[in-house]
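This report describes salt bridges in the structure shown below. The account begins with a buried acidic residue and its partner, and then turns to other pairs.

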Protein chains: 2
Amino acid sequence: MLNHSDTLRFYSNRIRNLQKEMRTHNLDIIIINDDFSLRYFLGLKVISKIHLVIYSENIKTGNRAYFGALIVPNLEYEKAKDELRDIQVEVVISEDRYSINQAVEDLQEKYDFNVDKVGIDYSKITLSEFGNFCPLFSKIAQQSQINKDFGLLDGDSIENIDDYILDMRAIKDDIELEYLKKAAEISDAVMNMAIESVQEGMTENDLAAFIEYNMKKRGSEEKSFDTIVASGKNSWYPHAGATDKEIRKGDIITIDMGAIYKG
Amino acid sequence: MLNHSDTLRFYSNRIRNLQKEMRTHNLDIIIINDDFSLRYFLGLKVISKIHLVIYSENIKTGNRAYFGALIVPNLEYEKAKDELRDIQVEVVISEDRYSINQAVEDLQEKYDFNVDKVGIDYSKITLSEFGNFCPLFSKIAQQSQINKDFGLLDGDSIENIDDYILDMRAIKDDIELEYLKKAAEISDAVMNMAIESVQEGMTENDLAAFIEYNMKKRGSEEKSFDTIVASGKNSWYPHAGATDKEIRKGDIITIDMGAIYKG
């Protein structure tokens, strides 16, 4: 079992790897706004939209060094601050989604760094969110037409970091291997319970609810995809989902399910 | 209770309203790729990434008229075809995510319509997906630099349909009112069960699992957000989630949960 300081060490390694990529590609900051990456780099699970700004070099202020700032709405502030107390990230409040730009500008002024080249994850950021980021770039005005939003960008000012993150995540560190093993154990145990518990007259949804309940009881935070319970004729569809069809004697049943343990 | 033909009538009305907006804004096609909209316009629940192309006018071929085409991967084809048999949409297979462009080009050739102006939902499409769509527009080559991807777009070739869809969805039709009422009934009933069932020694996760299980058993497909069960000191965080903390005697407990009934 990994302890708290092991866990912190793995998060720090991930951030350091990303910072190394940033320097190779001359990125000044990276903006991360998706749940998976926030989990991967900070171990943080959030409900609201949250942005993490990562600097290419740690920034020292007094006794602390920060690799980045987490920009959170008011509702998440205290929880994020408590959970991240041992992690080198500054937690900053941003009141609404548009003020992410203001928050980044404030950081930039406070720490005097450039934002000439910014990394974002194209596979996670929507066109709307990108539109909201535009004021970050000095030449860009926030406009509604996509060609105006995007056409004015300096050619070297934005880079897609999708591949860096995928490459990093492809190599599993010890903490991930431990979590994956645990997720597989949960899925195995619950699959066996499902096979033993299935009864004529149960609906597919009942069995899916039973599976999800027992995964969660065993520590799975979330199903890794919508649980498939497909009986009789439904079992013919590869992506069947689960319906209110009753399971009947002699039905073939396809079950496809997976647990998620700590992201 | 609404029957099958009532339901179809509501879906058709929604599509007709969208087509009316398209004509007002001179949009030739709209491409929809998010789960919520697919549910809203077709009643379809899917696992894979699926694209719906909506035409501004229904296209007649033989005895059937289509308002659009649903572009699905092989794994979802048979299920989509069966579920949409009464809906005026043609189901087309696309083998991988890049061939969405090919599928649209094929449709365009088959039915001889323009794609001079396309509507997409900026709040649902990521920069990566948008990059994949680019070959749709004759002047655009698929390139990795965002400024090249987007800078070449003709000013009038893309429009954000986010607002049209939000405006439509803001006015609830009878079918939505019925589903919302049902979702509220499920949430109410399960909240009461949760209050009655909470016991000392249960973890917050146990209670959250109990809540989600019972919502699902009563017909909720999905929680509407991550269930919050926050006891004792955790109850102080507005967005607390649920943890493996045991609930103790005297703890204040915050529960925040919601059911989803048919989207």
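## A buried charged cluster in chain B

In this predicted model, B:D173 has a relative accessibility of 17% and counts as buried, because buried means under 20%. Its side chain meets that of B:R14 in a salt bridge, with N and O 2.9 Å apart. This pair links distant parts of the chain: B:R14 belongs to helix α1 (residues 4-24) of chain B, whereas B:D173 sits in the loop between α7 (162-170) and α8 (174-197) of chain B, and 159 residues separate them.

B:R14 is buried as well, at a relative accessible area of 5%. B:R14 also forms a salt bridge with B:E176, the closest N and O atoms being 3.8 Å apart. Because B:R14 lies in helix α1 of chain B and B:E176 in helix α8 of chain B, this pair ties together parts 162 residues apart in sequence. B:E176 counts as buried, with 11% relative accessibility.

## A strand and a helix joined

A salt bridge connects B:E90 and B:K110, whose closest N and O atoms are 2.5 Å apart. B:E90 is in strand β4 (residues 89-93) of chain B and B:K110 is in helix α4 (residues 100-111) of chain B, so the pair ties together parts that are 20 residues apart in sequence. B:E90 is buried, with a relative accessible area of 11%, whereas B:K110 counts as exposed at 54% relative accessibility.

## Salt bridges over all chains

A network of salt bridges links A:E212, A:K223 and A:D226 with B:K216 and B:E222. Over all chains, the count comes to 26 salt bridges.

Notes:
Residues numbered from 1 in each chain as written. Chains lettered and ligands numbered in written order. Predicted model: local features only at pLDDT ≥ 70, side-chain atom pairs only at ≥ 80, totals over all residues. Heavy atoms only, no water. Salt bridge = Lys/Arg side-chain N within 4 Å of Asp/Glu carboxyl O. Helix = DSSP H or I, 4+ residues; strand = E, 2+ residues; numbered from the N terminus. Buried < 20%, exposed > 50% of the residue type's maximum accessible area, 1.4 Å probe, protein only.
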